[in-house]
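Reader: Please take a close look at one part of this model, the nonpolar core and the helix that gives the most to it. I should like a connected account, with the terms defined as they arise.

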Amino acid sequence: MDIKKTISNNLFWVGLWLAQFFLFFFLQRSSRWIDFIQSLFYKTQYFRVRLLKGIPFSVGDVFYLLLVVYIVTSLLLMIRNKTRKKIFRNLLIVLNALYFVYQIQWGTLYFQLPLLDKSQIYAPVKNSDLKILAEKYLEKSKESRANFKDSVFKVRDLRPIIKAIESQQKNRNFTISVKPSLWGGLMSYSGILGYYNPFSSEAQVNQNLPHTYLIFTMAHEASHQIGFAREEEANFSAFIIGQKSENPELRYASNWFALKNILYNLSAQDEGYVRDFINKLPQPLKNDYLVEKDFYNRYSGKVASFFSFTNDLFLKSNQQDGSVSYNYFIYLLLEYEKSSGLTQ
């Protein structure tokens, strides 16, 4: 074996990855490049989603499993096998290809212009305005929750909800494919509610979630599927889907999500108000809140903390503010209320 040639080949693939990294680093600061990738996404996403939509299980989950098996097997063989340089080269080729596909099909979308500019995002918010919104979305949540007689909110058939989400995307030439993840148990312990797979163009949700979480997560991941890369913009898109939908489950999930976000933002400034607010919730809403709280307590731990930490780093690396950026939803909600003529 020509050792010099083997080393040269491996260095080539390492160098190619570094070249890709710096190339995309600079390209993602070009508005023309971002517009091109965004246009490419919109023109091809319908067909990419349709390709695997009819398969009843998550192809993306299987793909990630096979990828992990391949990487682990390659690393083990490299330790024990004399052909480790060839194995390493093949691993580098695969990782280069995956990095390129990821950046073309998804990574660049994180650099789209945000729905709000920074002057709007960092503008001061009055607690009094948030308290008005809290009372409003409490009434909306009570009204939409009254459609369900169960003591704890439950959905018996998810198919009408998926159709209701999809019906709002058809006029934009989009289709969606929301599937239960094969790894729901692991996702529960990791704190992951769902995820969008840019390689399979599928949206996966953790089917073990409390149903208040589950419904909104479906709309959230479907929003990623139509091009909303930023987490809070996907949340806002999911909120709008619920507000515009005639489906009662979606409307309740949307109102309930907005109320919880408002209270979360208020809790940092007026914890006493939020504690009293929760204590005074009507019993059906309080039951749903306690189910969510129990789910969080049951699965929280070191694994969830690790994934929260890594997710925070990932968001920061993609032009988002990390976990703290989730407050961005409040600014979007305030702008929505203003544009609807509901607040001044």
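Author: A residue is called buried under 20% relative accessible area, exposed over 50% and partly exposed in between, with a 1.4 Å probe and protein chains only. By that rule Ala253 is buried, because its relative accessible area is 1%.

The model is predicted, so local features need pLDDT of at least 70 and side-chain atom pairs count only at pLDDT 80 or more, whereas totals for chains, interfaces and linings use all residues. Residues are numbered from 1 along each chain as its sequence is written, and side-chain values use heavy atoms, with hydrogens and water left out.

Ala253 belongs to helix H11; helices (H or I, at least four residues) and strands (E, at least two) are DSSP runs, numbered from the N terminus. Contact here means heavy atoms within 4.5 Å. Apart from neighbours within four places in sequence, Ala253 is in contact with Thr212, Ile215 and Phe216. Leu214 is 39 residues away from Ala253 along the chain, yet their C-alpha atoms are separated by 8.7 Å.

Helix H11, residues 248-267, gives the most to the largest nonpolar core, with 10 residues. Such a core is a set of buried Ala, Val, Leu, Ile, Met, Phe, Trp, Tyr and Cys residues joined through side-chain atoms within 4.5 Å. This one has 72 residues, and Ile165, Phe239 and Ile262 have the most contacts inside it. Ile165, with neighbours within four places in sequence set aside, is in contact with Ile176, Met218, Ala219, Ala222, Ile241 and Leu250. In soluble globular proteins, nonpolar side chains tend to be buried together.

The setting of this core is a chain with 15 helices and three strands. Of its 344 residues, 45% count as buried. Among contacts between residues at least 6 apart in sequence, 75% join residues at least 24 apart.

Helix H1 offers a view of the surface. Phe22 lies in this helix, residues 3-27, and is partly exposed, because its relative accessible area is 45%. Together with Val14, Trp17, Leu18, Phe21, Phe25 and Phe26, Phe22 makes a nonpolar surface patch of about 640 Å². Patches are made of residues with over 30% relative accessible area and no salt bridge (a side-chain nitrogen of Lys or Arg within 4 Å of a carboxyl oxygen of Asp or Glu); like charges are joined within 9 Å, and nonpolar side chains (Val, Leu, Ile, Met, Phe, Trp, Tyr) within 5 Å. Accessible areas come from the Shrake-Rupley method with a 1.4 Å probe, and for residues only the protein chains shown count as cover.
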